[in-house]
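Visitor: I would like to see how the labels on this model are earned. Please take me through the reasoning.

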Amino acid sequence: MSRLGFDSSMSTSPAGAPRPRDLRIDFWRGVALLTIFINHIPGNIYEPLTYRNFSLSDSAELFVFLAGFSAALAYFPRFIAHGALRQSYRCLSRAATLYIAHIASLIAGIGLFAVATLAFEDASYVQMINIGPVMDDPLAGFLGIATLGHQVGYFNILPLYVVLIAATPLVMALARIDLALPLLASGTLYLLAQAFGWNLPSYPNAGVWFFNPFAWQLLFVVAFTLGSVARSGVVVPFNRALYAAALAYIAFGAVATVYKSWPATGSVPLPPFLWGLDKSNLALPRLLHILAMVYVVVYMPGAARFTRSLSAANPFVAMGRNALPVFCAGSLLSMVGLILRDQYGSYPLLDTVIVVSGFLMLVALARTLDWTKRRILPKQPLAAEPASYRLSPR
């Protein structure tokens with residue numbers, strides 16, 4: 001039976017054969033991208049329907065989990081078989097691409113609010129989503145943007161992704177020795193960050209990054225480890241007790257979220273990260289929730305049938321396959337939606353037009369990019385992945 005990253009469906013390909021793309025990863029990445037687009041238009045009628053309103057984690061955790069899992073599949077086998085230097089360069093090159101995409105989309109987003117300011121003669125737009133410091137002091141503001149220190153609302157997850165991908169060579173170097181090593185190092189860093197408040201500083205404003213890389217790296221490394229195990233063909237077995245516990249935790253989280261009944265800050269005599277829901281520092285309940293969600297979805301009844309039903313033409317698969325440009329375009333479209341709602345009011349019809357047209361444009365963008373790769377760009381031969389690599393018995 002096919003399971004996402006937990007059984008032989010993710011095992012090695014025959015020697016010399018390129019590994020087919022896993023459509024399940026693309027599908028769930030596409031779901032996360034649509035959810036992020038909707039949630040970045042605050043107050044629209046579809047926002048309460050997204051799963052963050054029924055769970056302890058949200059699309060950010062899913063996005064980072066899939067990033068770590070995909071990194072293990074894309075880089076680690078070749079890191080072992082073909083040399084560390086080349087794959088480290090690929091990781092750093094990818095991080096550079098993410099950096100450029102972040103800067104470009106952020107500048108375009110600031111431009112949208114500048115256009116709205118001029119078009120509607122409303123200076124409040126240049127103070128939205130924390131772009132005020134850039135307008136008030138452009139020299140310091142743009143330096144903050146260039147150094148990733150200035151955290152702008154709705155555009156702050158790509159800086160985290162840049163750091164995580166740039167650090168992937170170190171994760172792979174440890175994993176090459178023993179898969180337990182990056183988990184041990186990551187867990188230690190997570191605990192130290194929680195204990196001492198480690199985070200990267202913001203600039204020019206005082207403060208820190210919204211997505212704390214020292215905390216969120218744990219989710220990335222856990223997902224990387226699962227992807228590495230899956231790529232080797234090792235099965236993570238189904239356990240009825242664990243599955244029941246995961247279901248119970250998800251149900252408990254849904255009730256606590258819907259009825260806002262999670263313990264208030266300071267009401268539990270334990271460190272906040274152990275029981276709180278701090279998103280910036282990835283509190284433990286959020287981390288456990290996304291892992292429980294993955295386990296339940298992987299082993300839920302009908303998972304194999306769902307997997308067989310996926311095709312490359314699926315709109316969510318297409319979006320996930322072109323995640324970076326779709327994410328950047330979705331971020332800009334959500335800002336357009338935010339401006340339109342601010343200007344013309346909150347109406348169900350307007351919300352529907354914004355969300356539906358935005359979704360259709362993102363799908364059209366993904367399909368256009370796919371068509372471009374097939375018809376315009378020269379076809380490059382696929383490099384075969386190594387048939388297998390040995391894991392430490394530990």
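Visitor: Which residues form one aromatic cluster with Trp 28?
Guide: This is a predicted model. In it, Phe 27, Phe 306, Phe 316 and Phe 359 join Trp 28 in one aromatic cluster. The whole structure holds 21 aromatic pairs.

Visitor: What makes the aromatic pair of Phe 120 and Tyr 125 tilted?
Guide: Their ring centres lie 6.3 Å apart, and the cut-off for a pair is 6.5 Å. The planes stand at 45°. Stacked needs under 30 degrees and edge-to-face over 60, so this pair is tilted.

Visitor: Why is Tyr 125 called buried?
Guide: Its relative accessible area is 0%. Buried means under 20%, so Tyr 125 qualifies. Phe 120 has 30%. That value lies between 20% and 50%, so Phe 120 is partly exposed.

Visitor: How do you know that the pair of Phe 238 and Tyr 299 links distant parts of the chain?
Guide: The two residues are 61 residues apart. Phe 238 sits in the loop between helix H10 and helix H11, and Tyr 299 in helix H13. Their pair is tilted too, with 5.4 Å between centres and 55° between planes.

Visitor: Why is H4 called roughly parallel to H16?
Guide: Their axes come within 10 Å and cross at roughly 15°. Angles under 35 degrees count as roughly parallel, so the label fits H4 and H16. The crossing is right-handed.

Visitor: What residues make the contact of H4 with H16, by class?
Guide: There are 15 nonpolar, four polar and one charged. Among them are Arg 94 and Phe 120 of H4, and Met 335 and Tyr 344 of H16.

Technical notes. Residues are numbered from 1 along each chain as its sequence is written. This is a predicted model: local features need pLDDT of at least 70, side-chain atom pairs count only at pLDDT 80 or more; totals for chains, interfaces and linings use all residues. Side-chain values use heavy atoms; hydrogens and water are left out. Axes are lines fitted to C-alpha atoms, for helices over the stretch in contact, and angles run from 0 to 180 degrees between N-to-C directions. Helices (H or I, at least four residues) and strands (E, at least two) are DSSP runs, numbered from the N terminus. Angles under 35 degrees count as roughly parallel, over 145 as roughly antiparallel, 65 to 115 as roughly perpendicular and the rest as oblique. A crossing is left-handed if the near helix is turned anticlockwise from the far one by less than a right angle, and right-handed if clockwise. Contact means heavy atoms within 4.5 Å. Ala, Val, Leu, Ile, Met, Phe, Trp, Tyr, Cys and Pro count as nonpolar, Asp, Glu, Lys and Arg as charged, and the others, Gly among them, as polar. Rings of Phe, Tyr and Trp (its six-membered ring) pair if their centres lie within 6.5 Å; planes under 30 degrees apart count as stacked, over 60 as edge-to-face and the rest as tilted. Buried means under 20% relative accessible area, exposed over 50%, partly exposed in between (1.4 Å probe, protein chains only).
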